[in-house]
Amino acid sequence: MAKSQRISVSKAHASHSKRQSTAYNLYIKNELPKYKAAHPNVEHKLSNPHPTEAFRQVAYLWKYAAENSNRTPL
């Protein structure tokens, strides 16, 4: 392929739209700040490369959340 025929990665991806957020993404986005406000002593440092305790707890709550179509029955 000639150099003039190559398409840069940014131009190739420009035509694609952003993926729609999943129910899980929306749940985490809404519930994580609420959890952090209700539990101020729980670790939620952004500089930590591993999932924080707050994130783990909210992810666990997703398992039983009404928004989760695959939830585990109580």
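Let's start at alanine 54, which has its place in helix H3. The model you are looking at is a predicted one, and its protein chain holds three helices and zero strands. From alanine 54 we can work outward to the face of H3, then to the core, and last to the chain as a whole.

**Alanine 54 up close**
- Alanine 54 has a relative accessibility of 1%, and because buried means under 20%, this residue counts as buried.
- Valine 42 lies 12 residues from alanine 54 in sequence, and the two C-alpha atoms are 6.1 Å apart in space.

**The buried face of H3**
- Helix H3 covers residues 53–62, and its buried residues are Ala54, Val58 and Trp62.
- Looking down the axis of H3, you will find these buried residues within an arc of 85°, so they line one face of the helix.
- What does that face meet? The buried residues of H3 pack against helix H2, which spans 23–38.
- Valine 58 gives a good view of its surroundings: leaving aside residues up to four places away in sequence, valine 58 touches Tyr27, Ile28, Glu31, Leu32 and Tyr35.

**The nonpolar core**
- The largest nonpolar core has nine residues in all: Tyr27, Ile28, Leu32, Tyr35, Val42, Ala54, Val58, Trp62 and Ala65.
- H2 and H3 are the elements that give two or more residues to this core.
- H2 gives the most, with four residues.
- Alanine 54 and valine 42, the pair described above, are both among the members of this core.

**The chain as a whole**
- Read along the sequence, the helices follow the pattern α-α-α.
- The protein chain has 74 residues, of which 15% count as buried.
- About 6,600 Å² of the protein chain is exposed, with carbon and sulfur atoms supplying 55% of that area.
- Taking contacts between residues at least 6 apart in sequence, 41% join residues at least 24 apart.

**How far to trust the model**
- The average pLDDT of the protein chain is 80, and 69% of the residues score at least 70.
- Which elements have the lowest and the highest mean pLDDT? Helix H1, residues 9–14, has the lowest at 62, while H2 has the highest at 93.
- A friendly caution: where pLDDT is low, predicted coordinates should not be read in detail.

Key: Residues numbered from 1 in each chain as written. Predicted model: local features only at pLDDT ≥ 70, side-chain atom pairs only at ≥ 80, totals over all residues. Heavy atoms only, no water. Buried < 20%, exposed > 50% of the residue type's maximum accessible area, 1.4 Å probe, protein only. Arc of directions from axis to C-beta. Contact = heavy atoms within 4.5 Å. Areas by Shrake-Rupley, 256 points an atom, 1.4 Å probe, with all protein chains shown as cover. Core = buried A, V, L, I, M, F, W, Y, C linked by side-chain atoms within 4.5 Å. pLDDT = per-residue confidence, 0-100.
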